[in-house]
Amino acid sequence: MATQAKRRRVAGPAGSDDDPAPVASFLSWCQRVGLELSPKVAVSRQGTVAGYGMVARESVQPGELLFAVPRAALLSQHTCSISGVLERERGALQSQSGWVPLLLALLHEMQAPASPWSPYFALWPELGRLQHPMFCPRVRSLELYRQLVALVMAYSFQEPLEEEEDEKEPNSPLMVPAADILNHLANHNANLEYSPTCLRMVAIQPIPKGHEIFNTYGQMANWQLIHMYGFAEPYPDNTNDTADIQMVTVREAALQGTKVEAERLLLYERWDFLCKLEMVGEEGAFVIGREEVLTEEELATTLKVLCMPAEEFRAFKDQNGWEDDKSEEDSLTITDIPKLKASWRQLLRDSVLLTLQTYATDLKTEQDLLSNKEVYAALSWREQQALQVRYGQKMILHRLLELTR
C-alpha cells in the first residue's frame, strides 16, 4: 500500500521550483506555529520525497540544530480538534497498528476549512486526492482508505518509550511537520530527538552546502524499505541490509548428508529438539546481515545440534541443552565464520547454496544488469528496486560462500 509514498523523485530538474506557493505557505505557517527552521537549511523541490525535500544552504556541522517542532504543531489524536471525541471512543478505536485515531484525526483536519494544518497539507500531493467528505457515497471507497493508510504508514512517527516504560503499549503515531519531508538513508546525516516541549532534528554528520538532509526510518533491510516505503538503497549503501536463510533450508541441507534411514530419523529427532528449544520453526528464517548474524544464538545452536556426534547429542538432549553448555564456539559473528568447525561450515555452505537456487537469476546476471546503464535505465521503477533488493541479498550470501570454503 505504501509503494507510492516515499518514492524517490525521478522527474523534473534538480532544484526546480515550478510552484513555490505550497513551500511559501508552509514556511509562513512554520513561523506562525513556532516551528523553528535553521537559516542554514531550505525546503525545496530539490529533494527526493514527493517532489520536496530539505537541503543545506550552508555547510552544517554535527550537533547543529536543523529545525525544532513544538509539540503543539504536531498532528495527532491528542492535538486535533476532535481529540475529545477520539478520547471518549478510545476503546472502540483500538487496533493492532494503533493508526486508527490518527487516520480519523488526519481525515477530519483535511476536511475542516479552518484547520490549522492546512498549509502543511498543501505540501503533499497525496493529501489533495484525499480531501473528500468522509461519508460521501460518491467518493467513499476502499482505495480512498488505502491511500490514507499508505500516507500514515509512510510519514507518521512513533515516539520511542523510555526504558522504564518498555512494558507499556507503544506511543500513538503522530505527524511531524518538516520531519516528514526528510527521506531515509542508512548512512543518514540527521536524527530526530524528542524532548518534553519539542522535537528537534539535529545534524549528526557534516552536511556540505547543497546536499540533501536525510533522516532514518530505522535499521531496515532493503526488503523492508521496499515493502513499507517503495524504494531500496542501491548496493552497497544500505549497511543494514540482510539476507534470509529459511530454517527448513538448513534442515534440507542436513538431510542431503544422510545416507540411511536411521540417520534421517536421528536428524528429525534433532530438529524436533531444536523446535522444543524454540531455536527453529517451520516458518522461521536465520537473518544474516552485512557485518553480523542477527539470529546468532539460533543459528549457532542449530549448527551445533545438527552436526554433533550422536552420542554427544543424546547427552546434550538429556540435560535439555542448556546446563553448563555455553562455550566460545557458540559465538557466531561474520568474522568468526571461517573459524567454525568444518562440519558447521559445510552445513552452512550447503544451506547458502540451496538458498541461492531459489532465485530465478544468478549473481552475474544481476551484475551485468547493474553495470549496463542503458539496460538498467530501461527497467521500470519496480524492476530497478526489486533488482537492488535481490542483488544486496545475493552479495551477502556469496560472502558467506567465501567465508565457508
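1. Let's start with Ser156, which you'll find in strand β5 (residues 156-158). Keep in mind as you look that this is a predicted model. Is Ser156 buried or exposed? Its relative accessible area is 18%, and buried means under 20%, so Ser156 counts as buried.

2. Now look at what surrounds that serine. Setting aside residues up to four places away in sequence, Ser156 touches Trp99, Leu102, Leu151, Pro173, Leu174 and Met175. Take Trp99 from that list: Trp99 and Ser156 are 57 residues apart in sequence, yet their C-alpha atoms are 9.2 Å apart in space. There's a polar neighbour to spot too, since a polar atom of the Ser156 side chain lies 2.6 Å from the backbone oxygen of Val152.

3. Next, the strands. Find the open sheet of four strands, which runs in the order β1-β4-β9-β8 with antiparallel pairing. Which strands sit at the edges? They are β1 and β8 (190-194), and each of them pairs on one side only.

4. Zoom in on strand β4 (residues 65-70) within that sheet. Five of its six residues are buried, so β4 is largely enclosed by the rest of the structure. With strand β1 (residues 36-37), β4 makes an antiparallel pairing over two bridges. With strand β9 (residues 198-203), β4 is also antiparallel, this time over five bridges.

5. Ala68 is a handy residue for tracing the sheet by eye. Ala68, in β4, is the bridge partner of Glu36, and Ala68 also has a bridge partner in β9, namely Arg200. Pro70 can be followed across as well: its bridge partner in β9 is Cys198. One thing to remember while you trace: in a regular strand the side chains alternate between the two faces of the sheet.

6. On to the aromatic rings, where the count comes to eight aromatic pairs. One of them is Tyr235 with Tyr391: the ring centres are 5.3 Å apart and the planes are at 90°, so this pair is edge-to-face. The pair links distant parts of the chain, with Tyr235 in the loop between α7 (222-228) and β11 (242-246), Tyr391 in helix α15 (residues 381-403), and their positions 156 residues apart in sequence. How enclosed are the two partners? Tyr235 has 33% relative accessibility and counts as partly exposed, whereas Tyr391, at 10%, counts as buried.

7. Phe273 and Phe316 make another aromatic pair, also edge-to-face, at 6.0 Å centre to centre with 80° between the planes. Phe273 belongs to helix α9 (residues 261-276) and Phe316 to helix α11 (residues 310-318), so the pair ties together parts that are 43 residues apart in sequence. Both of these phenylalanines are buried.

8. Two more ring features are worth a click. Phe26, Trp29, Tyr120 and Phe121 form one aromatic cluster. Elsewhere, Arg251 lies over the face of Trp271, at 5.1 Å from the ring centre.

9. Last stop: Thr249, in helix α8 (residues 247-256). Why does Thr249 count as buried? Its relative accessibility is 12%, and the cut-off for buried is under 20%. As for its company, leaving aside neighbours within four places in sequence, Thr249 is in contact with Ser351, Leu354 and Thr355.

Definitions and conventions. Residues are numbered from 1 along each chain as its sequence is written. This is a predicted model: local features need pLDDT of at least 70, side-chain atom pairs count only at pLDDT 80 or more; totals for chains, interfaces and linings use all residues. Side-chain values use heavy atoms; hydrogens and water are left out. Buried means under 20% relative accessible area, exposed over 50%, partly exposed in between (1.4 Å probe, protein chains only). Contact means heavy atoms within 4.5 Å. A polar contact is a pair of N or O atoms within 3.5 Å; within protein, one must be able to donate a hydrogen and the other to accept it, and residues adjacent in sequence count only if both atoms are side-chain atoms. Rings of Phe, Tyr and Trp (its six-membered ring) pair if their centres lie within 6.5 Å; planes under 30 degrees apart count as stacked, over 60 as edge-to-face and the rest as tilted. A charge sits over a ring if NZ of Lys or CZ of Arg is within 6 Å of the ring centre and within 35 degrees of the ring normal. Two strands pair if DSSP finds at least two bridges between them.
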